[in-house]
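I opened this notebook to keep track of what I looked up in one structure, entry by entry. The sequence and the model come first, and my notes follow.

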Amino acid sequence: MENTLRRVRDLIVAVVTLASFASLVQAQSRIEITTSDTAVRPENLTSSKDGAVYFGSTAKGTIYRAAPGAARAEPWILASATGLTNVLGVLADDKTNTLWVCQNATGGRGGAPAVGQTALRSFDLRSGAAKGTYPFPPNPGICNDIAVSENGAAYVSESFRGRIHRLRPGATALEVWVTDQQLDVIDGLAFLADGALYVNNFANGKFFRVPVNADGSAGAVGPIETSIPFVHPDGLRTVGPRTLIQAEGQGRVTELTISGNRAEVRIVQDSLPRATGVTIVGDSALVLVGMVKAVVVPYRRPTPVH
């Protein structure tokens with residue numbers, strides 16, 4: 001009996017190991033991720049800790065999900081069922097089991113009726129079930145991107161109004177956290193270990209730090225000098241205590257290491273047409289290009305310096 005149990009145990013271990021190896025090989029052989037639909041026009045992407053990748057659709061509003069290791073993203077949260085329209089920023093937060101989504105109203109020009117609303121939306125990261133809707137103030141700009149602080153507050157960039165909104169844990173409405181003309185065409189935003197929020201300006205390529213005061217209010221917006229200039233900086237993600245990775249519309253993905261009021265910038269990959277978003281899965285950066293697909297770029301997170 002003991003020998004039989006040992007053989008069964010060894011067989012289970014072998015099957016699990018083989019499945020894990022097969023998944024790893026599949027993930028390593030993947031060179032890009034596309035969507036199974038047409039005319040999706042994704043502007044941003046994100047990933048969860050299990051390696052699943054999520055795209056929003058500016059054209060259709062639907063959220064698409066690629067299973068871990070998969071090279072194709074399938075419709076997951078349907079616009080027809082949730083009222084999603086013109087999705088830009090998406091952010092998976094495993095800690096709270098939440099997919100944060102920036103949705104924007106469409107139409108409203110030349111007499112055309114506006115459809116939908118500009119709002120931060122939240123969905124269950126496992127099931128896709130809708131959790132909350134948090135509208136922007138009247139006459140909004142564009143809900144562009146999202147970052148989550150260590151205490152679970154969600155921060156949202158509003159392009160063309162120079163504002164960052166905050167949703168405190170448990171709150172039922174957004175609050176304007178900071179307004180500054182330097183942030184007029186604010187786009188990507190991300191937190192580092194110092195607790196400050198780092199943001200970029202898509203229009204002029206500038207990069208800024210916004211400290212978070214002890215009472216949670218915003219400190220003064222301060223410029224960060226960059227070792228090389230940015231051209232249309234867009235999606236921004238945290239990859240280390242002092243390090244960020246950024247997609248730039250000029251066609252490259254860059255790594256930024258912050259030291260004081262300066263960022264040392266390393267080009268990870270260039271010749272990436274219209275790069276608008278980036279996320280990390282394993283030892284790869286998935287870079288959204290041309291509002292069509294994500295391409296896989298080899299990348300290792302920096303080793304923390306103690």
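Entry 1, a bridge and its strands. I looked up the bridge partner of Ile-146 and found Val-156, which lies in strand β11. I should record at once that I am working with a predicted model. Strand β10, residues 142-148, runs antiparallel to β11, and I find five bridges joining the two. Five residues lie between these strands in their hairpin, where Gly-152 takes a positive phi near 90 degrees.

Entry 2, the other side of β11. I then followed β11 to strand β12, residues 163-167, and here too the two strands run antiparallel and are joined by five bridges. Within this pairing I note that Ser-157 stands opposite Ile-164 in β12. The hairpin of β11 and β12 has three residues between the strands, and in it Phe-160 takes a positive phi near 70 degrees.

Entry 3, cover on β11. Is this strand covered or not? I checked residues 154-159 and found that six of the six residues of β11 are buried, so I call the strand mostly covered, taking buried to mean under 20% relative accessible area. Ala-154, Val-156 and Glu-158 point one way from β11, while Tyr-155, Ser-157 and Ser-159 point the other way, and residues on both faces are buried.

Entry 4, the disulfide. How many disulfides does a search of the whole structure find? My search returned one. Cys-102 and Cys-143 form this disulfide, with their sulfur atoms 2.1 Å apart. The pair links distant parts of the chain, since Cys-102 sits in strand β7, residues 98-103, and Cys-143 in strand β10, with 41 residues separating them in sequence. For the geometry I noted -65 degrees about the S-S bond, which makes the link of Cys-102 and Cys-143 left-handed. I also checked the cover on the two cysteines, and both Cys-102 and Cys-143 are buried.

Entry 5, an open sheet. I traced a sheet of eight strands, which is open, has mixed pairing and follows the order β2-β3-β4-β5-β1-β25-β24-β23. Its edge strands are β2 (45-47) and β23 (275-281), each of which pairs on one side only. On average, neighbouring strands of this sheet are turned by 30 degrees against each other, with direction ignored. Within the sheet I looked at strand β4, residues 63-66, and strand β5, residues 72-77, which run antiparallel and are joined by three bridges. In this pair, Ile-63 has Ile-77 of β5 as its bridge partner.

Entry 6, Thr-35. I placed Thr-35 in strand β1, which spans residues 32-35. Is Thr-35 buried or exposed? Thr-35 is buried, because its relative accessible area is 12% and the cut-off for that term is under 20%. Leaving aside residues up to four places away in sequence, I find that Thr-35 touches Val-40, Phe-55, Tyr-64, Arg-72 and Ala-73.

Entry 7, the whole chain. I closed with the totals, and the protein chain has two helices and 25 strands. Of its 306 residues, 49% are buried. Among contacts between residues at least 6 apart in sequence, 44% join residues at least 24 apart. The chain exposes about 14200 Å², and carbon and sulfur atoms supply 55% of that area.

Technical notes
Residues are numbered from 1 along each chain as its sequence is written. This is a predicted model: local features need pLDDT of at least 70, side-chain atom pairs count only at pLDDT 80 or more; totals for chains, interfaces and linings use all residues. Side-chain values use heavy atoms; hydrogens and water are left out. Helices (H or I, at least four residues) and strands (E, at least two) are DSSP runs, numbered from the N terminus. Buried means under 20% relative accessible area, exposed over 50%, partly exposed in between (1.4 Å probe, protein chains only). Contact means heavy atoms within 4.5 Å. Accessible areas come from the Shrake-Rupley method with a 1.4 Å probe; for residues, only the protein chains shown count as cover. Two strands pair if DSSP finds at least two bridges between them. A disulfide is a pair of cysteine sulfur atoms within 2.5 Å. Axes are lines fitted to C-alpha atoms, for helices over the stretch in contact, and angles run from 0 to 180 degrees between N-to-C directions.
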